[in-house]
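Q: I am new to this structure and would like a close look at a single part of it. Could you take me through one strand, its partners and a residue beside it, slowly and in a connected way?

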Amino acid sequence: MNLYQNPLYLDDLAYTAGRDLPWEKLKGKSILLSGATGLVGSFLADVLLTKEELGCTVYALGRNEEKVRSRFSRWIGDPRLVFLSGDINLPLIREDIGAVDYVLHLASNTHPMQYATDPIGTITTNIIGLQHMLEFAVAHRASRFVFASSNEIYGENRGDAELFDEDYCGYLNPNTLRAGYPESKRCGEALCQAYKAQKGLDVVIPRLTRSYGPTMLMSDTKAISQFIRKGVAGEDIVLKSAGTQYYSYTYVADAVSGLLTVMLKGESGEAYNIADERSDILMKELAAVIADIAGKKVVFEIPDAVEASGYSTASKARLDGSKLKGLGWRARYDIRSGMERTIAVLREREKAE
């Protein structure tokens with residue numbers, strides 16, 4: 001039973017595709033996605049392809065065509081889905097395609113283990129890879145560029161704000177291994193502004209919180225993903241810290257509806273937090289929610305040195321989503337309902353495999 005046979009996943013697609021948005025802006029348009037097989041990118045591609053009346057062409061940029069074909073099995077043979085072979089860390093400008101209307105850069109190393117074991121790749125994907133995507137957008141006359149940024153750009157809470165608005169700038173020590181991800185995301189936002197000013201590129205920046213959902217990669221090493229895998233397997237939830245970190249989370253359907261809102265309604269040059277306070281939660285409480293859904297308990301374990309080096313040092317990072325809500329966005333799920341949905345879908349998928 002794949003995702004396309006799961007009624008909960010199909011409902012998520014129908015709900016997101018039915019949001020009140022200016023979809024007419026996408027009619028007959030072409031859209032290029034990096035990170036098309038990732039948690040957010042794959043759901044976004046499914047939503048765009050579900051809206052058949054738009055007649056969008058979705059270019060899924062990647063290095064592995066088989067991976068794309070496997071993830072998007074429902075759309076194999078559909079001319080609206082086109083695999084575009086490419087590595088974002090290499091120049092991407094193509095002579096075999098013309099103008100591309102929307103370019104979305106969603107590819108990024110987002111796993112703590114990657115921060116620790118491939119810090120160079122983490123940084124280059126967020127800066128060099130982004131520049132290649134920006135150059136592609138300019139060369140292919142994109143009408144809008146979307147850079148998926150992160151809650152990590154805010155750094156550590158200075159103790160002067162309960163919620164981070166888009167102008168907040170917390171403490172971040174750049175002279176550390178773990179700084180590679182947030183610092184390169186910060187640099188990426190500045191690079192987008194440089195292309196806007198110097199080359200006239202229309203850019204918007206959705207800032208994603210810690211996202212989750214049934215499109216997550218089972219190899220993901222983020223704490224929330226580890227919790228979910230344990231919950232799906234019916235095992236005790238392993239917490240590798242005191243669990244006092246207070247973060248914002250977003251279910252994938254809400255993350256994508258927020259991203260689409262920014263893409264279709266956001267003001268050029270602006271950044272928007274995709275966040276809803278109903279999904280703000282302490283990590284130990286998140287572990288307890290998943291344990292309760294799974295009928296298990298939370299156990300504590302000390303992480304090894306490599307694993308620990310990839311963890312965020314931010315202890316309190318809650319985002320203010322009011323700017324995006326001003327564009328009409330609302331989240332459908334709180335943390336409990338989103339987590340119940342995620343585990344239910346993944347359990348069915350695991351049974352089928």
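**Strand β5 and its surroundings**

A: Val146, in strand β5, is the bridge partner of Leu104, and this, like everything that follows, is read from a predicted model. That pair belongs to a longer pairing, for strand β4, residues 102–105, runs parallel to β5 over 4 bridges. Val146 also stands opposite Val204 in β7, and β5 and β7, which again run parallel, are joined by 2 bridges.

The side chains of β5, which spans residues 144–147, can be followed in the same way: Arg144 and Val146 point one way, whereas Phe145 and Phe147 point the other way, and all of them are buried. In a regular strand, side chains alternate between the two faces of the sheet.

Moving along to β7, which covers residues 203–208, one finds Arg207. With a relative accessible area of 6%, Arg207 counts as buried because that value is under the 20% cut-off. The side chain of Arg207 makes a polar contact of 2.7 Å with the side chain of Tyr154. Leaving aside residues up to four places away in sequence, Arg207 touches a set of residues that includes Ser149, Ser150, Ile153 and Tyr154, together with Glu166 and Glu189, and, further along the chain, Ala271, Tyr272, Asn273, Ile274 and Leu319.

Conventions:
Residues are numbered from 1 along each chain as its sequence is written. This is a predicted model: local features need pLDDT of at least 70, side-chain atom pairs count only at pLDDT 80 or more; totals for chains, interfaces and linings use all residues. Side-chain values use heavy atoms; hydrogens and water are left out. Buried means under 20% relative accessible area, exposed over 50%, partly exposed in between (1.4 Å probe, protein chains only). A polar contact is a pair of N or O atoms within 3.5 Å; within protein, one must be able to donate a hydrogen and the other to accept it, and residues adjacent in sequence count only if both atoms are side-chain atoms. Contact means heavy atoms within 4.5 Å. Two strands pair if DSSP finds at least two bridges between them.
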